[in-house]
Amino acid sequence: MFKTYLMPLIKSEYVSRPIVEVNTYLIQLVHINDYVFSNKTIGITITLHIILILFTITLIRVVMTIPGHVPAEWLIKIENEIRQMIENEENMINHNKKGSQTSTSFSSEIDDEQRLHLNVKVKNELIDKQGRRHCKNCSAFKPKRCHHCRQCKTCWLKMDHHCQWLNNCIGYGNYKLFMNLLGYAWFLISFIMITYSRCYYDTMNSYSSDAKLFLVSFTFLYCCFLWIILTAFTLFHLWAIKSNITTLEYCENKPREPLQKGVWNNIFEVFGKNPLVWFLPIQPDTKPILD
């Protein structure tokens with residue numbers, strides 16, 4: 001991009017000064033005083049670098065941000081719920097044995113084997129009757145829309161998918177950053193396509209060498225291919241946000257509970273309620289849906 005478009009564009013605005021041979025973009029920056037830049041060149045260069053910097057920052061944040069562990073408060077709540085149910089079951093057993101209601105909870109009349117059986121019974125009741133979700137891999141309960149990632153070997157809140165390109169899962173904690181990354185990538189490719197089209201047109205209609213024809217053609221067509229892929233991928237995730245659905249939930253064939261809360265509420269759940277940070281690589285402080 002720099003060698004086949006920006007550098008020729010800058011060289012075309014060269015004024016009557018000693019010719020400086022420029023072979024790399026780095027050398028071009030060193031000899032910046034040897035050139036006179038037009039508003040067009042300045043605008044293209046600054047815009048390209050702003051988008052590129054935002055893209056790089058967002059990429060690092062998406063890779064480094066934890067997708068979202070199950071909150072400890074929620075796990076404690078479930079443990080207390082299980083403990084209370086076991087206590088009620090033990091009280092009923094003791095009451096039936098003694099024929100009275102004077103038995104205390106966790107009586108010594110309940111042995112370890114019975115208590116283990118009660119623990120399994122209560123957990124099954126939570127799963128079957130109350131609809132609680134249980135992860136067999138982690139051996140722990142998990143909230144709604146929480147999934148276990150085999151690559152990460154962890155349950156993530158509102159897990160969308162595991163991205164091999166980023167080597168990280170996309171979930172509640174970094175989904176908004178992931179959407180920013182897609183947006184910056186789309187704008188970057190779109191901007192390159194628009195500004196590069198003139199170079200592509202001039203090269204195709206000039207007597208350039210075969211090497212330059214191949215390089216310019218390959219670069220432009222590759223950008224077009226990436227633009228099509230990114231557009232389809234970004235539109236899918238925008239639709240998923242509007243519909244309040246994750247990629248995993250979309251791929252599941254089993255029926256899902258309706259999660260519609262209105263388009264704007266679905267958008268606020270991902271991007272937050274402050275529109276000023278929607279387009280910045282900032283993760284909003286939103287609360288996950290646990291139950």
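## Helix packing and aromatic pairs in a predicted model

The span of residues 42-64 is 100% helix and 0% strand, and its end C-alpha atoms lie 33 Å apart. This is a predicted model. The UniProt annotation "transmembrane region", from an unreviewed entry, covers residues 42-64, 181-201 and 213-239. Two further topics follow: the contact of helix H6 with helix H7, and the aromatic ring pairs.

**Annotated spans**

- Residues 42-64 carry the "transmembrane region" annotation in the unreviewed UniProt entry.
- Residues 181-201 carry that annotation too. Their end C-alpha atoms lie 30 Å apart. This span is 100% helix and 0% strand.
- Residues 213-239 are also covered by the UniProt annotation.

**Packing of H6 and H7**

- Two packed helices are described by the angle between their axes and the distance between the axes.
- Helix H6 spans residues 175-204, and helix H7 spans residues 210-243.
- H6 and H7 pack at an angle of about 150 degrees. Their axes are 8 Å apart.
- Angles over 145 degrees count as roughly antiparallel, so H6 and H7 are roughly antiparallel to each other.
- The crossing of H6 and H7 is left-handed.
- By class, the contact of H6 with H7 has 26 nonpolar residues, eight polar residues and one charged residue.

**Aromatic pair in H6**

- Eleven aromatic pairs turn up in a search of the whole structure.
- One pair is Tyr-175 with Phe-178: the ring centres are 6.5 Å apart and the planes stand at 20 degrees. Planes under 30 degrees apart count as stacked, so this pair is stacked.
- Both residues of this pair, Tyr-175 and Phe-178, lie in helix H6. They are three residues apart, about one turn of the helix.
- Tyr-175 and Phe-178 are both buried.

**Aromatic pair and cluster at H9**

- Phe-268 and Trp-278 have ring centres 6.3 Å apart and planes at 45 degrees, so the pair is tilted.
- This pair links distant parts of the chain. Phe-268 lies in helix H9 (residues 263-271), and Trp-278 lies in the segment after H9, ten residues apart.
- Phe-268 has 24% relative accessibility and therefore counts as partly exposed.
- Trp-278 has a relative accessible area of 15%. The cut-off for buried is under 20%, so Trp-278 is buried.
- Phe-268 and Trp-278 also belong to a cluster: ring pairs link them with Trp-264 and Phe-271.

Key:
Residues numbered from 1 in each chain as written. Predicted model: local features only at pLDDT ≥ 70, side-chain atom pairs only at ≥ 80, totals over all residues. Heavy atoms only, no water. Axes fitted to C-alpha atoms, helices over the stretch in contact; angles between N-to-C directions. Helix = DSSP H or I, 4+ residues; strand = E, 2+ residues; numbered from the N terminus. Parallel < 35°, antiparallel > 145°, perpendicular 65-115°, else oblique. Left-handed = near helix turned anticlockwise from the far one by under 90°. Nonpolar A, V, L, I, M, F, W, Y, C, P; charged D, E, K, R; others polar. UniProt positions renumbered as here; feature names shortened; annotations may be inferred. Phe/Tyr/Trp six-rings, centres within 6.5 Å; stacked < 30°, edge-to-face > 60°. Buried < 20%, exposed > 50% of the residue type's maximum accessible area, 1.4 Å probe, protein only.
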